[in-house]
Amino acid sequence: MVERSSARESDEEAAARVKLLQDAVKRSKEIDESLQETKKALERRKKAVKILLLGQSESGKSSVLKNFQLAFAPRQFEANRSTWKLIVQLNLIRQVTHNMRAIIETLSAEWDPSPPASPAEASSAVRNFRRIRLSLSPLLIIENNLMKMLAPETKDPTKDVCVRAGSGWKALLQAHRNGQSSPPSPREGGAHSLLGASTGFVGKRQSHNSLNNESDPSQALIAQREEILWLWKDHDVRRVLLKRGVQLEDTSGFFMNDAARIASPNYLPTDSDIIRARLRTVGVEEHQFVVEKGGDVGSDVFITDVGGSRSQRASWVPFFDDVQAILFLAPLAFNLTLEEDPRVNRLEDSLNLWREICANRLLAGANLILFFNKRDVLASTLASGVQVKRYVPSYGELPNEITEVTKYFKDKFKSYHKRLSPTSRPFMCYETSAIDIKSMTVLLIGVRESILRQHLKNVLELGAESPVRPN
Ligand SMILES: Nc1nc2c(ncn2[C@@H]2O[C@H](COP(=O)(O)OP(=O)(O)OP(=O)(O)O)[C@@H](O)[C@H]2O)c(=O)[nH]1
Ligand SMILES: [Mg+2]
């Protein structure tokens with residue numbers, strides 16, 4: 001009896017041992033497979049084109065990234081379309097509440113210096129203006145709730161909408177759309193943070209995580225559509241704005257002209273809405289996509305997008321390694337100053353940054369491709385009569401025309417490139433408008449080809465320098 005029992009125990013022990021062994025073999029196989037996958041991924045990465053987007057804040061880096069996705073990976077771009085809806089709506093609401101606050105202040109001073117004693121005395125314009133001021137107030141609550149949910153760290157209400165790299169905002173918004181209380185994963189599809197930025201964002205903010213009536217902008221926008229349109233289209237409002245020199249059209253994330261479309265039921269953002277949507281980048285984020293159309297379908301592209309404000313620039317350096325091309329965005333914003341330091345001229349800041357990038361030894365082997373972005377803004381600035389020489393005295397009496405202005409600054413950028421590059425390299429420069437999708441697509445196809453050609457040339461040269469030794 002005892003013997004049988006111990007025989008049974010040893011059977012069980014044997015079975016447990018076999019199970020342990022099987023588990024160990026399975027685990028080891030899984031580790032092998034995962035190692036193989038990592039090796040393959042590393043090899044793919046080694047072969048892939050890696051592009052780094054650099055430039056000051058608001059220069060258009062993330063807009064160029066979106067153009068890349070639209071041109072080469074349209075399915076991935078499409079998958080994110082409905083996620084951008086909330087960002088576009090929030091851009092519009094912020095424009096309504098902040099810029100309109102400025103309009104209202106201007107209008108108050110203009111129309112309402114001493115409020116009339118009784119409503120009967122108020123002109124119809126003033127009555128309208130007061131009614132609108134009141135009826136727009138629910139948008140403030142929605143804006144506040146949305147900002148708490150998406151960008152709880154933003155303390156300054158006048159700042160653009162921003163979310164940290166890798167904080168899973170796309171997943172968060174997708175979860176809201178699907179009626180889930182929390183997103184499936186903290187990662188956004190095809191992109192991840194490279195700075196260990198706060199991925200705890202989602203869990204910590206559960207209380208703000210549902211789009212209820214107080215944070216769902218769709219209903220409020222539809223309800224306040226007429227007031228928003230009135231504020232923007234009204235003849236008297238326009239007159240006052242013109243008189244005060246308030247120029248809103250060129251500001252980031254400007255959607256006032258599209259308000260009627262956005263504040264309507266079933267609104268879905270167009271490609272252009274997505275490209276124009278402003279979402280400030282915080283941190284460093286690597287986006288990977290597989291080319292879906294064009295010459296080399298199936299190949300990988302890695303694009304690193306960075307936050308461009310001054311305080312973030314120190315975090316760029318670790319990503320200078322292992323990059324084939326840098327797209328440097330420099331809007332020719334000769335008459336604007338930095339948001340983070342209003343004493344600094346934007347163009348001067350771009351030039352200084354360009355000098356540092358050109359001189360950087362870690363980047364000696366990378367192609368530098370310069371985009372003079374926001375060409376359309378430059379054109380409208382010059383067309384409105386702003387004189388370059390007022391901001392850049394050395395420009396002197398040269399014609400205040402776009403070709404001359406561009407040539408003047410191009411020569412400056414080119415001479416620094418030549419003088420400061422550690423080894424000689426070609427100067428590549430394009431005038432761009434990242435919101436012009438068609439011309440960007442054509443340009444980016446060409447740019448990618450030239451990066452690929454250069455990459456191939458470098459690989460071949462490296463191969464020639466280090467001949468394979470026989471074993
Ligand atoms: N009119 C015009 N607007 C542009 C152009 N390029 C970008 N924008 C807009 O400018 C705003 C800022 O662009 P982003 O791409 O977010 O700028 P960024 O360089 O990524 O900025 P950070 O993330 O803060 O570093 C967005 O609203 C864009 O739609 C352009 O060529 N013309
Ligand atoms: Mg950005």
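This is a short tour of a predicted model, stop by stop.

**The whole chain**

Start with everything shown as a cartoon. The protein has 471 residues, and 33% of them count as buried. Its secondary structure comes to 18 helices and 9 strands. Now think about contacts between residues with a separation of 6 or more: 78% of these join residues 24 or more positions apart.

**Ligand 1 and its shell**

Select ligand 1 next. Which residues are the closest to it? They are Gly60, Ser62, Thr281, Gly308 and Ala434, out of 25 residues that surround the ligand. Three elements give two or more residues each to this shell: α2 (61-72), β4 (280-282) and α15 (375-383). The largest share comes from α2, with 3 residues. Colour the shell by residue type. You should find 14 polar, 7 charged and 4 nonpolar residues.

**Thr281**

Stay at the ligand and pick Thr281. This residue lies in strand β4. UniProt lists Thr281 as "binding site", in an unreviewed entry. Is Thr281 buried or exposed? It is buried, because 21 other C-beta atoms lie within 10 Å and 20 are enough to count.

**The other annotated positions**

Select Asn373, Lys374, Arg375, Asp376 and Ala434 together. The unreviewed UniProt entry places "binding site" at these residues too. They are spread over 62 residues of sequence, yet they cluster in space, with a largest C-alpha distance of 9.3 Å.

Zoom in on Asp376. It is found in helix α15. Asp376 counts as partly exposed, with 14 C-beta neighbours inside 10 Å. Leaving aside neighbours within four places in sequence, Asp376 is in contact with Ser433 and Ile435.

Move on to Ala434. Look for it in the loop between β9 (428-431) and α18 (437-465). Ala434 has 26 C-beta neighbours inside 10 Å, so it counts as buried. Which residues does Ala434 contact, leaving aside those within four places in sequence? Show Gly60, Ser63, Val64, Asn67, Ile275, Asn373 and Met440. Gly60 is also among the residues closest to ligand 1, and Asn373 is one of the positions annotated by UniProt.

**Two loops with a positive phi**

Most residues other than glycine have a negative phi. The next two stops depart from that pattern.

Select Glu58. It sits in the loop between β1 and α2. Its phi is positive, about 70 degrees, although Glu58 is not a glycine. Glu58 counts as buried, with 25 C-beta neighbours inside 10 Å.

Then select Asp322. Look in the loop between β6 (300-306) and β7. Asp322 is not a glycine either, and has a positive phi of about 60 degrees. Its surroundings hold 13 other C-beta atoms within 10 Å, so Asp322 is partly exposed.

**Helix α14**

Select residues 346-359. This is α14, a helix of 14 residues. From its first C-alpha to its last it reaches 20 Å, close to the 20 Å expected. Colour Arg346, Leu347, Asp349, Ser350, Trp354, Ile357 and Cys358: these are buried. Now look down the axis of α14. The buried residues fall within an arc of 170 degrees, so they line one face of the helix. What does that buried set pack against? Show β1 (49-55), β7 (325-329), β8 (367-372) and α17 (402-420).

**Helix α6**

Select residues 137-150 for helix α6. Its 14 residues should span 20 Å at 1.5 Å a residue, and its end C-alpha atoms are 20 Å apart, which agrees. The buried residues of α6 are Leu139, Ile142, Glu143, Leu146, Met147, Met149 and Leu150. Turn to view along the axis of α6. The buried residues lie within an arc of 160 degrees, so they line one face here as well. The spacing is worth recalling: an α-helix has 3.6 residues a turn, so residues three or four places apart point the same way.

**Ala220, the last stop**

Finish at Ala220, in helix α9 (residues 217-223). It counts as buried, with 21 C-beta neighbours inside 10 Å. Not counting residues up to four places away in sequence, Ala220 touches Pro138, Leu139 and Ile142. Leu139 and Ile142 are among the buried residues of α6. Now draw a distance from Ala220 to Leu136. These residues are 84 apart along the chain, and their C-alpha atoms are separated by 9.2 Å.

Definitions and conventions:
Residues are numbered from 1 along each chain as its sequence is written. Chains are lettered from A and ligands numbered from 1 in the order in which they are written. This is a predicted model: local features need pLDDT of at least 70, side-chain atom pairs count only at pLDDT 80 or more; totals for chains, interfaces and linings use all residues. A residue is near a molecule or strand if its C-beta atom, placed from the backbone, lies within 6 Å of it. Helices (H or I, at least four residues) and strands (E, at least two) are DSSP runs, numbered from the N terminus. Ala, Val, Leu, Ile, Met, Phe, Trp, Tyr, Cys and Pro count as nonpolar, Asp, Glu, Lys and Arg as charged, and the others, Gly among them, as polar. UniProt positions are given in the numbering used here, feature names are shortened, and annotations may be inferred rather than shown by experiment. A residue is buried if 20 or more other C-beta atoms lie within 10 Å of its own, exposed if 12 or fewer, and partly exposed in between; C-beta atoms are placed from the backbone. The expected span of a helix is 1.5 Å times one less than its number of residues. The arc is that of the directions from the helix axis to the C-beta atoms. Two residues are in contact if their C-beta atoms, placed from the backbone, lie within 7 Å.
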